[in-house]
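Me: Please take a close look at the paired strands of this model and at what lies along their edges and turns. I would like one connected account rather than a list.

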Amino acid sequence: MNISPSKLNKFLMFKLPAAYFTGVRTKQLNDTTCIVTVKHRWINQNPFNSMFWAVQGMAAELTTGALVMKKIRESGEKISMLVANNNASFTKKATGRITFKCEEGLKIDEAINKAIETGEGQTVWLNSNGINKDGVQVSSFNFEWTLKVK
């Protein structure tokens, strides 16, 4: 089974309902890029009338995690994945529709290939930036994923 944006959105509804109900949606997924959007609404706001940081984090993590899941599936190997570390910075209030994008599929390929070749666990840092409708970056997230062949 291929992983597609519609299948990921269905997955969110059943396995990550907090992300689904706050409006996190996958828009694009290919070999190098994953794009996820979320719109500022009442359900995902903070007391300062902008999007809660954790909602932004869910969307950002999904961009990186979906790419990792896709690459693992394509490898044909049984590989475990887990976030070991993360950090974020916020540069502007997140209002309106925020688009998160991770374009680091090639880094994942390298880590998976090394894990398969060596049999040792690997880590890879992936970045996802949140951009508002005006093209201004509102946040930047980094996730350290660990990959290990089972």
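Reply: A surface patch, in the sense used here, is built from residues that have over 30% relative accessible area and no salt bridge, and nonpolar side chains such as those of Phe and Trp are joined into one patch when they come within 5 Å. The model is predicted, and on its surface F52, W53 and F90 form a nonpolar patch of this kind, with about 330 Å² of accessible area together. Two of these residues lead into the elements discussed below, since W53 belongs to helix α3, residues 53-75, and strand β3 covers residues 79-90. W53 counts as exposed because its relative accessible area of 52% is over the 50% cut-off.

The strand pairing can be followed from β3 onwards. Strand β3 pairs with strand β6, residues 137-149, in the antiparallel sense, and 11 bridges hold the pair together in the DSSP description. Within this pair S89 stands opposite S140 of β6. Strand β6 also has an antiparallel pairing with strand β5, residues 122-131, over 10 bridges, and here S140 is the bridge partner of N129. S140 can therefore be used as a point of reference in β6, with S89 facing it in one pairing and N129 in the other.

The connection between β5 and β6 deserves a separate look, as the two strands form a hairpin with five residues between them. G135, in the turn of that hairpin, has a positive phi of about 80°, and its relative accessible area of 53% makes G135 exposed. The loop that holds G135, between β5 and β6, also comes back towards another part of the chain: G135 and I98 are 37 residues apart in sequence, while their C-alpha atoms are 9.4 Å apart in space. Beside the glycine, K133 forms a salt bridge with D134, the closest N and O atoms being 3.6 Å apart. K133 is exposed at 69% relative accessible area, and D134 counts as exposed at 58%.

From β5 the pairing continues to strand β4, residues 97-102, which runs antiparallel to β5 and is joined to it by three bridges. F100 of β4 has G130 as its bridge partner in β5. Strand β4 in turn pairs with β2, again in the antiparallel sense, over six bridges, and in this pairing F100 is the bridge partner of V36. F100 thus has V36 as its partner in one pairing and G130 in the other.

In a regular strand the side chains alternate between the two faces of the sheet. Strand β4 has a covered face made of I98, F100 and C102, and an uncovered one made of R97, T99 and K101. One residue of the uncovered face, R97, gathers with K27, K39 and R41 in a patch of positive charge on the surface. K39 lies in strand β2, residues 34-39, and counts as partly exposed because its relative accessibility of 42% falls between the limits of 20% and 50%. The patch therefore takes in a residue of β4, R97, and a residue of β2, K39, two strands that pair with each other.

Beyond β2 the chain enters a loop that leads to α3, and N49 has its place there. Most residues other than glycine have a negative phi. N49, in contrast, has a phi near 60°, a positive value in a residue other than glycine. With a relative accessible area of 48%, N49 is partly exposed.

Helix α3, which this loop reaches, contributes to the salt bridges, of which the structure holds five. K70 and E74 lie in α3, four residues apart, about one turn of the helix, and their side chains meet in a salt bridge of 2.6 Å, N to O. The environments of the two partners are classed separately: K70 counts as buried because its 14% relative accessibility is under 20%, whereas E74, at 46%, counts as partly exposed. This pair belongs to a network of salt bridges that links D31, K70 and E74. A further salt bridge joins the side chains of E104 and K107, at 3.7 Å from N to O, and K107 counts as partly exposed at 34% relative accessibility.

Notes: Residues numbered from 1 in each chain as written. Predicted model: local features only at pLDDT ≥ 70, side-chain atom pairs only at ≥ 80, totals over all residues. Heavy atoms only, no water. Patch = residues over 30% accessible without salt bridge, like charges linked within 9 Å, V, L, I, M, F, W, Y side chains within 5 Å. Areas by Shrake-Rupley, 256 points an atom, 1.4 Å probe, with all protein chains shown as cover. Salt bridge = Lys/Arg side-chain N within 4 Å of Asp/Glu carboxyl O. Lys, Arg positive; Asp, Glu negative; His and termini not counted. Charge placed at Lys NZ, Arg CZ, Asp CG, Glu CD. Buried < 20%, exposed > 50% of the residue type's maximum accessible area, 1.4 Å probe, protein only. Pairing = 2+ DSSP bridges.
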